[in-house]
Amino acid sequence: MSVDNFKFINHRGLSLSGRIYSGNSNHKSGLIFSHGLFSSKDGYKITRIADTIIDSGFDLMTFDFTFSGESSGNITDISVSEEVEDLKCAIRFFKNKGIEKIHLMGSSMGASVTILTASTNMFEIESLILIATPVTFTQLLPDKNKIEIDSLDHNGYTFITGIKVNNRFIKELFEIDMLAAIKNIRIPSLLIHGKKDAVVDSSNLDSFIRNSPSKCTSIIIEDGDHNLTRDSDINLISENIKSWLGKFNI
């Protein structure tokens with residue numbers, strides 16, 4: 001397996017940090033991974049799962065959203081809509097690398113960004129792999145009951161788990177209609193969720209399935225939390241991703 005680190009430019013001309021894991025053969029199928037809130041392309045799950053994806057016959061592209069990891073910007077300026085635009089740029093970049101069939105995978109908020117991007121139907125995407133997906137974005141706010149949205153200064157800031165973010169981002173979480181996006185998904189989805197997820201309740205998985213017009217395959221990890229980083233979690237996720245991708249690599 002070879003690993004290529006690089007920079008690419010988003011729609012605002014900002015530099016994003018990316019990485020492509022490739023096998024020895026000339027793969028024409030690939031998967032793009034979107035990381036979660038306050039995470040990065042170097043997250044534990046995706047770096048552990050990379051080998052499985054490559055062994056399944058797919059190239060893997062990971063990248064840091066604007067404001068995250070090694071990409072340009074500051075985390076205080078985080079924006080869901082900007083992350084959607086970043087993912088669109090990543091898809092275009094991957095296609096320009098010769099990848100003809102693309103699957104999208106996301107974890108936590110990255111899974112929601114994946115849904116929002118796929119729902120635009122701008123690209124021909126083969127399938128979605130969604131881990132610990134918030135159907136209700138506001139579940140990402142641990143102090144949501146204490147936040148008075150209408151009283152937030154549009155140009156001010158709020159702390160989430162000790163990290164300073166702009167109030168426009170907080171308001172954005174309450175405005176995005178995830179259910180409308182899910183209803184516009186036209187491709188099969190693999191859903192993975194921990195039953196003991198204390199950040200994004202596992203009922204979000206059921207909500208996705210109820211509102212999706214496409215075929216869904218769900219995997220519940222009975223004793224799994226939100227992070228799903230135990231060896232047993234990684235092994236189970238890897239097995240199911242391998243099986244899932246195997247259906248398309250024919």
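# Helices, cores and ring pairs in a predicted model

Helix α2 has 17 residues and reaches 25 Å from its first C-alpha to its last, close to the 24 Å expected at 1.5 Å a residue. This description concerns a predicted model. Helix α2 is largely enclosed by the rest of the structure, because 12 of its 17 residues are buried. The buried residues include the nonpolar Val 80, Val 84, Leu 87, Ala 90, Ile 91, Phe 93 and Phe 94. Charged names also appear among the buried residues of α2, including Glu 82, Glu 83, Asp 86 and Lys 88. Just after α2, Gly 98 takes a positive phi of about 100 degrees.

A second helix, α7, covers residues 231-246. Its 16 residues should span 22 Å at 1.5 Å a residue, and its end C-alpha atoms are 22 Å apart, which agrees. Within α7, the buried residues are Asp 233, Ile 234, Ile 237, Ser 238, Asn 240, Ile 241, Trp 244 and Leu 245. These buried residues pack against helix α1 (44-55) and against the strands β3 (29-34), β5 (101-107), β6 (125-131), β9 (189-194) and β10 (216-221).

## Nonpolar cores

In soluble globular proteins, nonpolar side chains tend to be buried together. The largest nonpolar core of this model holds 52 residues. Within that core, Phe 8, Ile 32, Met 61, Leu 87 and Phe 169 touch the most other members. Helix α2 (residues 80-96) supplies the largest share of this core, with 8 residues. A second, separate core has 24 residues, among them Tyr 21, Met 105, Ile 221 and Trp 244.

The surroundings of Met 61 can be listed in detail. Leaving aside residues up to four places away in sequence, Met 61 touches Phe 6, Phe 8, Arg 19, Ile 20, Leu 31, Ile 32, Phe 33, Ala 90, Phe 93 and Phe 94.

## Aromatic rings

A search of the whole structure finds 6 aromatic pairs. Two of them are set out below.

| Ring pair | Distance between centres | Angle between planes | Arrangement |
|---|---|---|---|
| Phe 8 and Phe 93 | 5.2 Å | 35 degrees | tilted |
| Trp 244 and Phe 248 | 5.7 Å | 55 degrees | tilted |

The pair of Phe 8 and Phe 93 links distant parts of the chain: Phe 8 lies in strand β1 (residues 2-9) and Phe 93 in helix α2, 85 residues apart. Both Phe 8 and Phe 93 are buried. These two residues also belong to a cluster in which ring pairs link Phe 6, Phe 8, Phe 63, Phe 65 and Phe 93.

In the other pair, Trp 244 counts as buried because its relative accessibility is 4%. Its partner Phe 248, at 25% relative accessibility, counts as partly exposed.

## Around strand β7

Thr 158 lies in strand β7 (residues 157-160). With a relative accessible area of 15%, Thr 158 is buried, and a polar contact of 2.5 Å joins its side chain to that of Asn 167. Not counting residues up to four places away in sequence, Thr 158 touches Leu 152, Ile 163, Lys 164, Val 165, Asn 167 and Ile 170. Lys 164 takes part in a further arrangement: its charged end sits over the ring of Tyr 157, 4.6 Å from the centre of that ring.

Technical notes. Residues numbered from 1 in each chain as written. Predicted model: local features only at pLDDT ≥ 70, side-chain atom pairs only at ≥ 80, totals over all residues. Heavy atoms only, no water. Core = buried A, V, L, I, M, F, W, Y, C linked by side-chain atoms within 4.5 Å. Buried < 20%, exposed > 50% of the residue type's maximum accessible area, 1.4 Å probe, protein only. Helix = DSSP H or I, 4+ residues; strand = E, 2+ residues; numbered from the N terminus. Contact = heavy atoms within 4.5 Å. Phe/Tyr/Trp six-rings, centres within 6.5 Å; stacked < 30°, edge-to-face > 60°. Lys NZ or Arg CZ within 6 Å of the ring centre and 35° of its normal. Expected span 1.5 Å × (residues − 1). Polar contact = N/O pair within 3.5 Å; in protein donor to acceptor, adjacent residues only side chain to side chain.
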